[in-house]
Amino acid sequence: MPVNYLAELTAPVRSPRANLHLGAGLAFVAGALNAGGFLAVGQYTSHMTGLVSGAADEFALGHIGLAISALVAVAAFVMGAVSTAMMVNFSRRNFPAWTYVPTLLLEAALLLAFGLIGSAMLPQQIERVSLTTLLLCFVMGLQNALITKISKAEIRTTHVTGLLTDLGLELGRLLYWNLGPQLEQVRADRRRLRIHATLVLAFFVGGLSGALGFKHAGFIATLPLAAALLVLALASLLRGWQSDGADS
């Protein structure tokens with residue numbers, strides 16, 4: 001059943017398969033938002049390393065306003081992660097069957113808002129940062145924290161630098177030539193290799209789709225992403241209601 005499969009992706013009891021499939025889906029969403037968002041606001045909103053480095057550069061050059069604007073965007077990302085932690089912990093204690101639903105619903109709602117009124121938010125600024133930029137940074141923090149919580153920090157969807165580093169390490173182990181049987185053998189973790197390769201590919205394909213979608217359709221290109229997250233959340237809700245009905 002499609003509902004059962006979708007509900008398993010966000011179920012409190014996890015499996016490696018569910019982690020990988022959900023991680024790939026969210027990596028696709030992150031890539032689409034990052035690439036499409038660049039066409040909208042002129043910067044990559046998941047690239048916190050670049051924003052922090054940019055803030056340091058602007059401070060050093062005496063461009064205080066630009067430095068503060070970069071830090072405001074970083075703060076939005078952090079607040080997204082903070083929101084996820086609060087919602088997940090509250091739901092885990094009060095509605096354990098729907099632990100991750102509130103975060104998914106919030107992300108879907110924010111993407112819906114971005115798609116419908118994103119262009120109207122562009123002129124509105126806080127410290128020279130458009131509200132669309134802050135919204136996207138918040139969503140990126142929200143989502144990255146969600147998959148981190150769900151997978152117990154095994155998977156992240158926006159940190160491609162880390163994914164590529166881990167991919168390179170596993171490839172290095174895979175290609176290593178073990179010369180002596182008396183030495184400890186170097187072995188690659190092929191499961192982790194598949195995970196990292198899948199997530200990088202999903203992020204890239206999502207980025208390509210997001211860039212093409214925004215190029216041809218504008219802000220409404222995010223509406224299918226919002227719909228997908230909404231369906232994921234509703235499947236989990238339905239599964240939870242069915243379980244409650246069976247228990248009673």
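Here is a short student and tutor exchange about this predicted model.

Student: Let's start with charges. How many salt bridges does the count come to?
Tutor: One of them joins the side chains of Glu-8 and Arg-17, and another joins those of Glu-170 and Arg-173. Glu-170 also forms a salt bridge with Arg-192. The count comes to three.

Student: Take Glu-8 and Arg-17: what is the N to O distance in their salt bridge?
Tutor: Glu-8 is partly exposed, at a relative accessible area of 36%. Arg-17 is partly exposed as well, at 47%. The side chains meet with an N to O distance of 4.0 Å.

Student: Now Glu-170. Is Glu-170 buried or exposed?
Tutor: The cut-off for buried is under 20% relative accessible area. Glu-170 comes out at 6%, so this residue counts as buried.

Student: And how is Arg-173 placed relative to Glu-170 along helix H7?
Tutor: Their side chains form a salt bridge at 2.9 Å, N to O. Arg-173 is partly exposed, with a relative accessible area of 33%. Both residues sit in H7, which covers residues 160-175, and because they are three residues apart, the separation is about one helical turn.

Student: Which helices hold Glu-170 and Arg-192?
Tutor: In this salt bridge the closest N and O atoms are 3.8 Å apart. Glu-170 and Arg-192 are 22 residues apart in sequence, so the pair ties together separate parts, namely helices H7 and H8 (residues 190-217).

Student: Which residues are linked in a network of salt bridges?
Tutor: Glu-170 pairs with Arg-173, and Glu-170 pairs with Arg-192 too. Arg-192 is partly exposed, at 26% relative accessibility. The network links Glu-170, Arg-173 and Arg-192.

Student: How is H7 oriented to H8?
Tutor: The two axes come within 9 Å and cross at roughly 140°. Angles over 145 degrees count as roughly antiparallel, and the crossing of H7 and H8 is described as left-handed. The contact includes Leu-163, Leu-167, Glu-170 and Leu-174 of H7, and Arg-192, Leu-193, His-196 and Phe-203 of H8. With that crossing angle, H7 is oblique to H8.

Student: What about H3 and H4, how do they lie to each other?
Tutor: Their axes come within 8 Å and cross at roughly 155°. H3 passes H4 in a left-handed crossing, with Met-48, Leu-51 and Ala-55 among the H3 contact residues and Ala-70, Ala-73 and Phe-77 among those of H4. The two helices are therefore roughly antiparallel.

Student: On to the nonpolar core. Which residues touch the most other members of the largest one?
Tutor: This core has 55 residues. The ones that touch the most other members are Leu-22, Leu-33, Leu-51, Leu-111 and Cys-137.

Student: Which element gives the most residues to this core?
Tutor: The elements that give two or more residues are H2 (16-41), H3 (48-60), H4 (64-94), H5 (101-121), H6 (131-150), H7, H8 and H9 (223-247). With eleven residues, the one that gives the most is H6.

Student: Which residues does Cys-137 touch, beyond those up to four places away in sequence?
Tutor: Cys-137 is one of the residues that touch the most other core members. Leaving out residues up to four places away in sequence, Cys-137 touches Thr-45, Met-48, Leu-51, Ala-73, Ala-76 and Phe-77.

Student: Back to H2: is Asn-19 buried or exposed?
Tutor: Asn-19 is found in helix H2. Setting aside neighbours within four places in sequence, Asn-19 is in contact with Arg-14, Ile-147, Ile-150, Ser-151, Glu-154 and Ile-155. At 7% relative accessibility, Asn-19 counts as buried.

Student: Last one. Gly-36 and Phe-214: how many Å apart are they in space, C-alpha to C-alpha?
Tutor: Gly-36 lies in helix H2 and is buried at 7% relative accessibility. Not counting residues up to four places away in sequence, Gly-36 touches Gly-210, Ala-211 and Phe-214. Gly-36 and Phe-214 are 178 residues apart in sequence, and their C-alpha to C-alpha distance is 5.5 Å.

Key:
Residues are numbered from 1 along each chain as its sequence is written. This is a predicted model: local features need pLDDT of at least 70, side-chain atom pairs count only at pLDDT 80 or more; totals for chains, interfaces and linings use all residues. Side-chain values use heavy atoms; hydrogens and water are left out. Buried means under 20% relative accessible area, exposed over 50%, partly exposed in between (1.4 Å probe, protein chains only). Helices (H or I, at least four residues) and strands (E, at least two) are DSSP runs, numbered from the N terminus. A nonpolar core is a set of buried Ala, Val, Leu, Ile, Met, Phe, Trp, Tyr and Cys residues joined through side-chain atoms within 4.5 Å. Contact means heavy atoms within 4.5 Å. Axes are lines fitted to C-alpha atoms, for helices over the stretch in contact, and angles run from 0 to 180 degrees between N-to-C directions. Angles under 35 degrees count as roughly parallel, over 145 as roughly antiparallel, 65 to 115 as roughly perpendicular and the rest as oblique. A crossing is left-handed if the near helix is turned anticlockwise from the far one by less than a right angle, and right-handed if clockwise.
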